[in-house]
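The exercises below are to be worked with the sequence and the model side by side. Each opens with a task, and a stepwise solution follows.

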Amino acid sequence: HQNGELVLENGNKYNISHTFLKVKDAKSHNGAHVGTWNQLSSSFTNADGNKGSHTNATHIRYQIITPTNWMRISKVNGQFENAFGGTYTLDGDKLIMKIDYASVPAMKGITVDISQRIEGNKLYWKGIGKGSSGKEVIRFEDVFEKVDGPVATTAAK
């Protein structure tokens, strides 16, 4: 059970009252990819050919991967950028992630095919995102570092 009050920077207040049930899922994945991850860097090419990159100096991105779901929340220069997440399937080192919810409506419904590699506490992703029509919308390479300690424990709860 989660109860409380969400107070936004503008002073607006919203009551929170949530009840969650633990789900037993035969498709659960227990692996080294499960955990809380801090994105260190990203490079990408959008569908229009525009390229970009960033590091955690300006873009703070935490990603939580559970045995059945995942979510990411992002800030740019200290300001909220976006949040999104959903479900995924795993086959060896291949992840197929579905964006089931997103703060940016255009992101909802994107499916991302990812090849992942884990070395020590680093997670390396190379992926392609496709829209609901199957058209490619982004190619990317990301590097994450596993978050341990109180931040990871709090996020996992």
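**Exercise 1. Find the two faces of strand 8 and the partners of this strand.**

Step 1. Strand 8 has a covered face, made by L95 and M97, and an uncovered one, made by K94, I96 and K98. In a regular strand the side chains alternate between the two faces of the sheet. The model is a predicted one, in which local features need pLDDT of at least 70 and side-chain atom pairs count only at pLDDT 80 or more, while totals for chains, interfaces and linings use all residues. Residues are numbered from 1 along each chain as its sequence is written, and side-chain values use heavy atoms, with hydrogens and water left out. Strands (E, at least two residues) and helices (H or I, at least four) are DSSP runs, numbered from the N terminus.

Step 2. On one side, strand 8 runs antiparallel to strand 7, and four bridges join them; strands count as paired if DSSP finds at least two bridges between them. D91 has K94 of strand 8 as its bridge partner. The two strands form a hairpin with two residues between them, and G92 in the turn has a positive phi of about 65 degrees.

Step 3. Strand 8 is also joined to strand 10, by five bridges and again in the antiparallel sense, with T111 of strand 10 as the bridge partner of K98.

**Exercise 2. Trace the largest nonpolar core and the surroundings of W125.**

Step 1. A nonpolar core is a set of buried Ala, Val, Leu, Ile, Met, Phe, Trp, Tyr and Cys residues joined through side-chain atoms within 4.5 Å, where buried means under 20% relative accessible area, exposed over 50%, and partly exposed in between (1.4 Å probe, protein chains only). The largest such core has 16 residues, of which W70, M97, I114 and W125 touch the most other members. Two or more residues each come from strand 7 (79-91), strand 8 (94-98), strand 10 (111-119), strand 11 (122-130) and strand 12 (136-146).

Step 2. M97, from the covered face of strand 8, is one of the residues in contact with W125 (heavy atoms within 4.5 Å). Leaving aside neighbours within four places in sequence, the contacts of W125 also include L95, I114, F140 and F144, along with R72, E141 and D142.

Step 3. As general background, nonpolar side chains in soluble globular proteins tend to be buried together. For the protein chain here, buried residues make up 28% of the 157 residues.

**Exercise 3. Locate the nonpolar surface patch and place M71 within it.**

Step 1. Patches are made of residues with over 30% relative accessible area and no salt bridge, like charges being joined within 9 Å and nonpolar side chains (Val, Leu, Ile, Met, Phe, Trp, Tyr) within 5 Å. By this rule, I60, Y62, M71, I73, F80 and Y101 make a nonpolar patch of about 520 Å². Strand 5 (59-65) and strand 6 (69-76) are the elements that give two or more residues to the patch.

Step 2. M71 lies in strand 6 and, at 31% relative accessibility, counts as partly exposed.

**Exercise 4. Which parts of the chain does the salt bridge of E81 and R61 tie together, and what other salt bridges can be described?**

Step 1. A salt bridge is a side-chain nitrogen of Lys or Arg within 4 Å of a carboxyl oxygen of Asp or Glu, and a search of the whole structure finds five.

Step 2. The side chains of E81 and R61 meet at 2.8 Å, N to O. Because E81 lies in strand 7 and R61 in strand 5, the pair ties together parts that are 20 residues apart in sequence. E81 is partly exposed, at 30% relative accessible area, whereas R61 is buried, at 10%.

Step 3. K122 and E145 form another salt bridge, with the closest N and O atoms 3.5 Å apart. This pair links distant parts of the chain, K122 being in strand 11 and E145 in strand 12, 23 residues apart. K122 is partly exposed at 22% relative accessibility, and E145 is partly exposed at 27%.

Step 4. A further salt bridge, at 2.9 Å from N to O, joins the side chains of E136 and R139. E136 is partly exposed at 30% relative accessibility, and R139 is partly exposed at 43%.

Definitions and conventions: Areas by Shrake-Rupley, 256 points an atom, 1.4 Å probe, with all protein chains shown as cover.
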